[in-house]
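Thanks for coming. I'll put the structure up and then walk through it strand by strand, with a few single residues at the end.

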Amino acid sequence: MTEFTEILSHITWWMWVLIVLLIVAIRDIFFQKRHTISHNFPIIGHIRYLFESIGPEIRQYFVANNREELPFNRIERSWIYASAKKENNYEGFGTDRDIYAHQHIFINNAMMPFKIDKNHPNYLDKTFLPCAKVMGLHNKRKKPYRPASIINVSAMSFGSLSAKAVESLNKGVKMAHAYHNTGEGGLSPYHCNGGDVIFHFGTGYFGVRDENGDFSIEKLVDMVEKTPYIRAIEIKLSQGAKPGKGGVLPAAKITKEIANIRHVPLGKDVLSPPNHSAFSNVPEMLEFIEIIAEKTGLPVGIKAAIGKLDQWIELADLMLKTGKGPDFITIDGGEGGTGAAPPSFADHVSLPWVYGFSDVYKLFKDRNLTDRIVFIGSGKLGFPAKAAMAFAMGVDCINVAREAMMSIGCIQAQVCHTNRCPSGVATQSKWLQSGINIPLKSERLAQYFKTFRKELIEITHAAGYEHPCQFQMKDIDVNVDDHNLSEDLNKTYMYEKTAVPFNGIQALKSCGFLGGNHK
Ligand SMILES: Cc1cc2nc3c(=O)[nH]c(=O)nc-3n(C[C@H](O)[C@H](O)[C@H](O)COP(=O)(O)O)c2cc1C
C-alpha cells in the first residue's frame with residue numbers, strides 16, 4: 001500500500017493529464033459505440049461536440065447581426081427588455097433596417113397628427129387603450145366583456161411555463177389591466193392573483209375533464225362560479241406551431257400538483273388527441289359553443305391556425321343562417337411559438353399570420369359578420385408598428401406569448417422543450433425558477449404592456465386617428481420594390497376592412513363591461 005502511494009506521489013500533474021486523456025481515448029475507441037466522430041478522432045472529436053453545443057450562444061452573442069436572428073432578432077428583444085425595464089428604448093442615428101426591402105411595411109402618417117385635449121382619457125393616462133369591441137354583446141351573453149387592454153397574454157399553460165412565471169404574468173396583467181389566457185393546462189393557483197383570465201382548453205380538456213378524459217360541463221360551470229375573474233372561455237382548435245398535432249404528457253412530468261390542476265391520474269401518460277371528443281363537425285362545434293355560453297354566461301371564442309378554408313366558410317355560412325356563433329376568434333400565425341413541437345410542424349404546417357388572418361377575415365366580412373366577432377391576432381405581433389398593421393387588417397386585440405416571456409426574463413435560449421430553461425420561465429426545475437423575483441417580473445410585464453400601448457397610441461395619432469381600430473387597409477403600404485409598385489394592404493390582400501363602430505375613447509372608458517379592474 002505504501003509502495004503504491006509512493007508511486008502515485010511521483011506522478012506529476014502533466015502525467016495525470018496524460019493518463020486522463022489516455023483513458024478518454026481508450027473509451028472513445030474501444031467502449032463507446034454511439035459516436036463515429038469520437039471513435040475515428042479520439043479526444044479531439046469531443047471538441048466538435050463542445051463547439052456544436054455552445055454554437056448558438058456564440059452566434060447569438062458575438063456573430064449574428066442586430067437584425068439577423070429568428071424568431072426574434074436582437075433589436076426586437078432589446079426593445080422588449082428596455083420597455084419592460086422602463087429604460088431608454090429609442091435608437092439613435094436612424095433606422096438600421098433596409099426600408100426599401102421587399103415586404104417592408106410603411107404606416108402612412110397624416111399631415112397633422114390627431115390632437116387630444118385636456119379632457120381626453122389619454123391626456124392623463126397615456127397608456128389607456130381598451131378594446132373597441134365588446135365580447136359577447138352581439139350574442140347577448142349574460143356577462144359581456146370588454147378587454148381593458150388591446151395587448152394581452154396569450155395561451156401558455158402552467159406546465160409549459162413555471163409556477164413563478166405564471167404568477168408573474170398574472171400579477172403583471174392585473175397591474176396593466178390586461179387579461180391572462182390560461183393555455184391548455186387548466187386553471188392553476190398561479191393564474192388566480194386577480195388579473196382577468198380567459199380560460200382556454202384543448203382536446204385534453206385539462207381541468208374540465210371527467211375520468212374518461214371527456215369534457216365535463218359541470219366542472220367548467222363549477223370553476224367559473226368559483227372564479228369570478230374568468231371573463232371568457234377559449235376553445236382551442238389549433239395553434240400555429242403545431243396545428244392538428246396531439247400531445248403526450250409523460251407520466252414522469254406529472255407531479256401531484258399538475259395532476260390536481262389538470263384532473264389527470266398520477267403515474268400514467270396522458271394523451272391530448274388531435275381531435276375534440278366533444279364535437280366532430282362545424283354545426284356540433286357551434287352547438288357546443290352555445291351550451292358553454294348558456295351555462296356559464298360568459299363569451300366563448302375559438303382559437304385556430306389557418307390552412308384550408310372550407311370549414312371556415314361553413315362556419316361563416318352557419319353563423320349567418322342561425323344567428324349564433326363564437327364571440328371571438330383568435331387567429332394564430334404559423335410563426336407562433338410553442339412549448340414543444342416537431343420542426344416539420346412548426347416550420348411548415350399552417351399559414352403565416354398575414355395570409356391566414358386575411359383569408360379568414362375576408363370570409364366573415366363578405367357576410368357582414370365582422371361586427372359580431374372580436375378578432376384577436378397572435379404571431380409575433382407584440383411590436384407597435386406590427387400591431388398597427390394587424391389593426392388595419394381587422395384585429396381588435398393582440399395576444400402575445402413569447403414577447404410576454406421575454407418581458408419577464410426569457411433570453412430566447414429556445415430550450416422550452418427540455419425543462420432546462422436557464423431563465424426559469426419555461427421549466428419545472430425548482431432551482432432554475434428560484435431566481436425569478438415575482439414582484440419585479442410582474443412589474444416588467446405590466447411596464448412592457450404599458451409602453452407598447454403608449455407607442456401604439458402615438459403611432460395611431462401620427463396616422464391621424466384616436467384609436468387603432470380606426471386604421472384601414474389603405475393606411476399601411478407593403479413594399480414591392482418600388483414606390484410606384486408598393487401596394488396598400490387592401491390591394492395586396494384584396495379586401496377592405498369593415499369600419500369598427502367607435503365613438504371615442506371616453507365612451508370605452510365609461511363602458512359597463514370594461515374589464516381589468518378599471519375604476
Ligand atoms: C411556451 C409556450 C406555450 C404555449 N402553450 C399554448 C397552449 O397551451 N395553447 C395554445 O393555444 N397556444 C399555446 N402557445 C402559443 C401561443 O399562445 C401563441 O399563440 C403563439 O406563441 C404566437 O404568439 P407569439 O408570437 O406572441 O409568441 C404557447 C406558446 C409558447 C411559447
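Start with strand E8, residues 300-305, which runs parallel to E9 and is joined to it by five bridges. One register point to keep in mind is Ile302, which sits opposite Ile329 in E9. Between E8 and E9 the chain passes through helix H11, residues 310-322, and this β-α-β crossover is right-handed. Before I go on, please note that this is a predicted model.

Now E9 itself. How many of the five residues of strand E9 are buried? Five of the five, over residues 328-332, so the strand is largely enclosed by the rest of the structure. As a general point, side chains in a regular strand alternate between the two faces of the sheet. In E9, Phe328, Thr330 and Asp332 point one way, while Ile329 and Ile331 point the other way, and all of these are buried. The cut-off behind that word is under 20% relative accessible area.

E9 also pairs with strand E10, residues 374-378, again in the parallel sense and over five bridges. There, Asp332 has Ser378 in E10 as its bridge partner.

Back to E8, and its pairing with E5. Four bridges join these two strands, which run parallel. Ile302 comes up again here, as the bridge partner in E8 of Ile235. So what does Ile302 face in E9? That was Ile329, as I said at the start.

Strand E5, residues 230-236, is mostly covered, with six of its seven residues buried. E5 pairs with strand E4, residues 196-201, in the parallel sense over five bridges. Across that pairing, His200 stands opposite Glu234 of E5. The unit made by E4, helix H8 (residues 217-226) and E5 is a right-handed β-α-β unit.

Next, a separate topic: the antiparallel pairing. Three strands form an open sheet in the order E1-E12-E13, and the pairing is antiparallel. Why is one side of E1 and one side of E13 left without a neighbour in the sheet? Because E1 and strand E13 (487-488) stand at the edges, each with a single partner strand. E1 and strand E12, residues 476-478, pair over three bridges. Ile105 has Val478 in E12 as its bridge partner.

Val478 brings me to His102. This histidine lies in the loop between helix H5 (74-84) and strand E1 (105-107). His102 and Val478 are 376 residues apart in sequence, yet 7.9 Å apart in space, C-alpha to C-alpha. His102 is partly exposed, at a relative accessible area of 47%.

Compare Gln412, also in a loop, this one between helix H15 (402-407) and helix H16 (430-433). Is Gln412 buried or exposed? Buried, with a relative accessible area of 8%. Leaving aside residues up to four places away in sequence, Gln412 touches Gln60, Leu70, Pro71, Phe72 and Arg77. With Phe72 there is a specific polar pair: the Gln412 side chain reaches the backbone nitrogen of Phe72 at 3.0 Å.

Last item, cavities. The count comes to one cavity of 30 Å³ or more. The largest cavity holds about 30 Å³ of space. Its lining consists of Lys133, Tyr361, Thr370, Asp371, Thr498, Ala499 and Val500.

That is what I have. I'll leave the structure up for questions.

Conventions
Residues are numbered from 1 along each chain as its sequence is written. This is a predicted model: local features need pLDDT of at least 70, side-chain atom pairs count only at pLDDT 80 or more; totals for chains, interfaces and linings use all residues. Side-chain values use heavy atoms; hydrogens and water are left out. Buried means under 20% relative accessible area, exposed over 50%, partly exposed in between (1.4 Å probe, protein chains only). A polar contact is a pair of N or O atoms within 3.5 Å; within protein, one must be able to donate a hydrogen and the other to accept it, and residues adjacent in sequence count only if both atoms are side-chain atoms. Contact means heavy atoms within 4.5 Å. Two strands pair if DSSP finds at least two bridges between them. A crossover is right-handed if, with the strands pointing away from the viewer, the path from the first strand over the helix to the second runs clockwise. On a 1 Å grid over the protein atoms alone, a cavity is a set of points where a 1.4 Å probe fits but cannot get out, and a pocket is an open set with protein on both sides within 12 Å along at least five of seven lines; lining residues have an atom within 4 Å of a point. Grid points are joined across faces, edges and corners, and a volume is the space filled by probe spheres set on the points.
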